[in-house]
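User: Hi, I have a chain open here and I'm new to this. Can you walk me through it, starting with a strand?

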Amino acid sequence: MEITLDIVLRVLRKSLLYIVLFALIAGIVAFLACGFLVQPTYVAKTELNLIGNENAMGGSTTDSNNSWVFANRLLKTCAGILDTENFARKIMAEAGIDYKPVYSITYEEETTIIKISVSDHNPENAYKIAKAIADNANGYLAETTLTSVTVVVIDDPILPTNASSPNIPSYTIISAIAAGAIVFVVQLLREVLGTKIKDESELRKRYNIPVLASIPDFNEAVRNSSKYSYADYYAKEGN
């Protein structure tokens, strides 16, 4: 059976109550789950600017004339060093935590800027980890690269006050919309794939054949012609 606008509107009209009901239930469940079951995550950020000696980094005369080549080499080298287990253990000691810190390192091409984002369930620990990274990056890079790399902190970490995740409003709205859409699709498929004929008009429309006869609904006819039902009629006769 072909899906037409008439069928879509009919299914939407018939299933509107179920769509709204399931959307509300899914939204409430998502809201409660995000608020009480999911542990919030806080993010503290810092940005570092790297300044180094091109010749000390192993650049040739040709490379030294191309600042972008050197900047890209410097970024990749320093980002890899700051993402090592040894540096993570140093940060653990500096921040006073007993677990491996979770942080991501990104950099912008054709610049010397490294961005570091620290994620933690405790906002104070997120701040302490980011601060330890900013304070120790300069000395650690100078030791491990054996070059004159200077780290300038251009964006100091700030104590996060709001959780970055979960985003309760977004999750609630998405869950409600998804639940309503699933109910609608299921009802639409039942309507399209179903083989049950509901009335004469649907029979004509689906098979394009003439209707020679139909069985009337006697109960409906009696109810429409009299204000009494069969039970009321026989009860009255018995009295």
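Analyst: Sure. Strand 3 has a covered face made of Ile114, Ile116, Val118 and Asp120. Its uncovered face holds Ile113, Lys115, Ser117 and Ser119. Strands here are DSSP runs of E with at least two residues, helices are runs of H or I with at least four residues, and both are numbered from the N terminus.

User: Why does it go every other residue?

Analyst: In a regular strand the side chains alternate between the two faces of the sheet.

User: Before we go on, is this an experiment or a prediction, and what gets counted?

Analyst: This is a predicted model: local features need pLDDT of at least 70, side-chain atom pairs count only at pLDDT 80 or more, and totals for chains, interfaces and linings use all residues. Residues are numbered from 1 along each chain as its sequence is written, and side-chain values use heavy atoms, with hydrogens and water left out.

User: What pLDDT does the chain average?

Analyst: The average is 82, and 72% of the residues score at least 70. pLDDT is the predictor's confidence in each residue, from 0 to 100.

User: Where does pLDDT stay under 50?

Analyst: Over residues 55-65. For that stretch the model has 14 contacts beyond four places in sequence. A contact means heavy atoms within 4.5 Å.

User: Back to the strands. What does strand 3 pair with?

Analyst: Strand 1 (residues 42-51) is joined to strand 3 (residues 113-120) by 8 bridges, and the two run antiparallel. Glu47 has Lys115 as its bridge partner in strand 3. Leu48 has Ile114. Two strands pair if DSSP finds at least two bridges between them.

User: And strand 2?

Analyst: Strand 2 is also antiparallel to strand 3, with 6 bridges joining them. Tyr103 has Val118 as its bridge partner in strand 3. Strands 2 and 3 form a hairpin with 5 residues between them. In the turn, Glu110 has a positive phi of about 65 degrees.

User: Is positive phi something to notice?

Analyst: Most residues other than glycine have a negative phi, and most peptide bonds are trans.

User: What order do the strands take in the sheet?

Analyst: The 4 strands form an open sheet in the order 2-3-1-4, with antiparallel pairing. Strand 2 (102-107) and strand 4 (150-155) are the edge strands, and each pairs on one side only.

User: How many helices are there?

Analyst: The chain has 9 helices, along with 4 strands. From the N terminus, the elements run α-β-α-α-α-β-β-α-β-α-α-α-α.

User: Pick a helix. Which residues of helix 4 are buried?

Analyst: Phe87, Ala88, Ile91, Met92 and Ala95. Buried means under 20% relative accessible area, exposed means over 50%, and partly exposed is in between (1.4 Å probe, protein chains only).

User: Where do they sit around the helix?

Analyst: They cover an arc of only 150 degrees around the axis, so they are on the same side of helix 4. The arc is that of the directions from the helix axis to the C-beta atoms.

User: What comes just after helix 4?

Analyst: Gly96, which takes a positive phi of about 75 degrees.

User: Any aromatic pairs?

Analyst: The count comes to 1 aromatic pair. Phe87 and Tyr140 form a tilted pair, 5.0 Å centre to centre with 45 degrees between the planes. Phe87 lies in helix 4 (residues 85-95) and Tyr140 in helix 5 (residues 123-145), so the pair ties together parts 53 residues apart in sequence. Rings of Phe, Tyr and Trp (its six-membered ring) pair if their centres lie within 6.5 Å; planes under 30 degrees apart are stacked, over 60 edge-to-face, and the rest tilted.

User: Are those two buried or exposed?

Analyst: Both Phe87 and Tyr140 are buried.

User: What else in helix 5 touches helix 4?

Analyst: Take Asn136, which is in helix 5. Not counting residues up to four places away in sequence, Asn136 touches Phe87, Lys90, Ile91 and Glu94. Asn136 is buried, because its relative accessible area is 13%.

User: New topic. Where is the cis peptide bond?

Analyst: From Ser165 to Pro166, with omega near 0 degrees. Pro166 is in the loop between strand 4 and helix 6.

User: What touches Pro166?

Analyst: Tyr171 does. Tyr171 is in helix 6 (residues 168-193). Beyond four places in sequence, Tyr171 touches Ala30, Cys34 and Pro166. Tyr171 counts as partly exposed because its relative accessibility is 39%.
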